[in-house]
Amino acid sequence: MPTVRHARAAFFQAESLPADGGYHDEWFDAAFGPVRYRIRNFDLRADALFRHDIHHALTGYRTDWLGEVQVNAWELGAGIGTQAWAWVIMLVGVFLGALLAPTESLAAFARGRRSRNLYAGRLPDDLLERDLDELAGELGVTGPEDPSLADAARFVAATLGSAVVAGALLP
């Protein structure tokens, strides 16, 4: 079974991302579809990104625009906790997902509601050495499930909330 470290490394390689995740770089170059942007890599962002990248490895969502809105919806469904930077990014991602891929975003959100993620609390010191499948089991990460009516209602509420955040942050 792969460790979290090996699964994350395989994810980085498959997605053509830097092997070290770029968590300690001063700046981070990113893109959402054709829109490219650069952001300062401050500590809160680096911590949220570290957790976010492991979420990609746990869920199997890619880093193309669809995979990003799916992992954002999954994370929001599972709960962002106190990660302020993650709140901002996930809400913008959920808004864009609701506009561009509503069915896929709702399914990912519903999947997240049946899971927990790594945004709540302190990470264990041995996180990267943990077995990926065991961690997925502990967090309740399962395959896609059909959304319930309650999932859909919460997704609509999250989307409305995210529209406010996206409206404030997007030009």
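Let me start with helix H1, residues 4–14, where Val4, Ala7, Arg8, Phe11 and Phe12 are buried. Those residues cover an arc of only 140 degrees around the axis, which puts them on the same side of H1. An α-helix has 3.6 residues a turn, so residues three or four places apart point the same way. On the other side of H1 we find His6, Gln13 and Ala14, which are exposed. As you look at this, please keep in mind that the model is a predicted one.

What covers the buried residues of H1? The cover includes helix H2, residues 43–59, and helix H6, residues 132–139. Just beyond the helix, H1 is followed by serine 16, whose phi is positive, near 55 degrees.

That brings me to the charged pairs. Side chains of opposite charge can pair when their charged atoms come close, and in this model the count comes to nine salt bridges. I will go through some of them.

The side chains of arginine 62 and glutamate 15 meet in a salt bridge, at 3.6 Å from N to O. Arginine 62 lies in the loop between H2 and H3, while glutamate 15 lies in the loop between H1 and strand S1, residues 27–32, so the pair ties together parts that are 47 residues apart in sequence. As for their surroundings, glutamate 15 counts as buried, at 14% relative accessibility, whereas arginine 62, at 47%, counts as partly exposed.

A second salt bridge joins the side chains of arginine 38 and aspartate 29, at 2.9 Å from N to O, and here arginine 38 counts as exposed, with 53% relative accessibility.

Within helix H2, aspartate 47 forms a salt bridge with arginine 51, the closest N and O atoms being 3.1 Å apart. Because aspartate 47 and arginine 51 are four residues apart in H2, they are separated by about one helical turn. Is each partner buried or partly exposed? Arginine 51 counts as buried, at 5% relative accessibility, and aspartate 47 counts as partly exposed, at 27%.

Finally among the charged groups, Arg113, Arg114 and Asp151 are linked in a network of salt bridges.

Arg113 is also the residue at which helix H5, residues 102–113, ends. H5 has twelve residues and reaches 16 Å from its first C-alpha to its last, close to the 16 Å expected at 1.5 Å a residue. The buried residues in H5 are Ser105, Leu106, Ala108, Phe109, Ala110, Arg111 and Gly112.

One of these, Ala108, leads us to glutamine 70, which has its place in helix H3, residues 65–78. Leaving aside residues up to four places away in sequence, glutamine 70 touches Tyr61, Glu104 and Ala108. Glutamine 70 counts as buried, since its relative accessibility is 15% and the cut-off for that class is under 20%. The C-alpha atoms of glutamine 70 and glycine 93, which are 23 residues apart along the chain, are separated by 8.3 Å.

Let me close at the surface, where Trp65, Leu99 and Leu100 make a nonpolar patch of about 310 Å². Leucine 99 is found in helix H4, residues 84–100, and at 57% relative accessibility leucine 99 counts as exposed.

Note on methods:
Residues are numbered from 1 along each chain as its sequence is written. This is a predicted model: local features need pLDDT of at least 70, side-chain atom pairs count only at pLDDT 80 or more; totals for chains, interfaces and linings use all residues. Side-chain values use heavy atoms; hydrogens and water are left out. Helices (H or I, at least four residues) and strands (E, at least two) are DSSP runs, numbered from the N terminus. Buried means under 20% relative accessible area, exposed over 50%, partly exposed in between (1.4 Å probe, protein chains only). Contact means heavy atoms within 4.5 Å. The arc is that of the directions from the helix axis to the C-beta atoms. A salt bridge is a side-chain nitrogen of Lys or Arg within 4 Å of a carboxyl oxygen of Asp or Glu. The expected span of a helix is 1.5 Å times one less than its number of residues. Patches are made of residues with over 30% relative accessible area and no salt bridge: like charges are joined within 9 Å, nonpolar side chains (Val, Leu, Ile, Met, Phe, Trp, Tyr) within 5 Å. Accessible areas come from the Shrake-Rupley method with a 1.4 Å probe; for residues, only the protein chains shown count as cover.
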